[in-house]
Amino acid sequence: MQQPNKITLAALFASALTVSTSVVMADDDMHSMQEKVDTFGLISVEDAKNIALKAKSGIVDDIELDGIDNGGGWEYEVEVVQEDGTEWDIDIHAKTGEIRKVERD
């Protein structure tokens, strides 16, 4: 069996580091969203996911909590992926749960 060379080892190490960093970033994002939910009295991340999935069936691929321009509060930006690969961006007002936009990505 051939020993891996230094380039292969470096590539494997870099890949592992990238994956572990993205996991940490995702945890930080969830912590940050939860902190805003608690502080500002927003609907939960789970509620936002459920609202999005009622609008478009599939799975939630990504969710972010962002400020609305001009001081309009907060909104969840939810990405839903359907079985055929179609992606939808669904914006939900984070205070009221109102769907603000459904757009094919």
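## A negative surface patch

Seven acidic residues, Asp27, Asp28, Asp29, Asp61, Asp62, Glu64 and Glu77, together form a negative patch on the surface of what is a predicted model. Two elements, helix H1 (6-40) and strand E1, each contribute two or more residues to this negative patch.

Glu77, one of the residues of the patch, is found in strand E2. Because its relative accessibility is 31%, Glu77 counts as partly exposed, a class that lies between buried, under 20%, and exposed, over 50%.

## A second glutamate in strand E2

Strand E2 also holds Glu75, and this residue, with a relative accessibility of 10%, counts as buried, whereas Glu77 is partly exposed. The side chain of Glu75 is joined to the side chain of Arg100 by a polar contact of 2.9 Å.

## The loop between E1 and E2

The loop between strand E1 (59-67) and strand E2 (74-81) is the place of Asn70. Although Asn70 is not a glycine, its phi is positive, at about 65°. The relative accessibility of Asn70 is 82%, and because exposed means over 50%, Asn70 counts as exposed.

## The loop between E2 and E3

Thr86 has its place in the loop that runs between E2 and strand E3 (87-93). With a relative accessible area of 9%, Thr86 is buried, since that class takes in values under 20%. A polar contact of 2.7 Å joins the side chain of Thr86 to that of Asp84.

Both Thr86, with its relative accessible area of 9%, and Glu75, at 10% relative accessibility, are therefore assigned to the buried class. In each case a polar contact between side chains is present, with Asp84 as the partner of Thr86 and Arg100 as the partner of Glu75.

## The loop before E1 and a contact along the chain

Gly58 is found in the loop between helix H2 (45-55) and E1. At a relative accessibility of 36%, Gly58 counts as partly exposed, as does Glu77 at 31%.

The C-alpha atom of Gly58 is separated by 6.5 Å from the C-alpha atom of Glu83, although these two residues are 25 residues apart along the chain.

Terms used. Residues numbered from 1 in each chain as written. Predicted model: local features only at pLDDT ≥ 70, side-chain atom pairs only at ≥ 80, totals over all residues. Heavy atoms only, no water. Helix = DSSP H or I, 4+ residues; strand = E, 2+ residues; numbered from the N terminus. Buried < 20%, exposed > 50% of the residue type's maximum accessible area, 1.4 Å probe, protein only. Patch = residues over 30% accessible without salt bridge, like charges linked within 9 Å, V, L, I, M, F, W, Y side chains within 5 Å. Areas by Shrake-Rupley, 256 points an atom, 1.4 Å probe, with all protein chains shown as cover. Salt bridge = Lys/Arg side-chain N within 4 Å of Asp/Glu carboxyl O. Lys, Arg positive; Asp, Glu negative; His and termini not counted. Charge placed at Lys NZ, Arg CZ, Asp CG, Glu CD. Polar contact = N/O pair within 3.5 Å; in protein donor to acceptor, adjacent residues only side chain to side chain.
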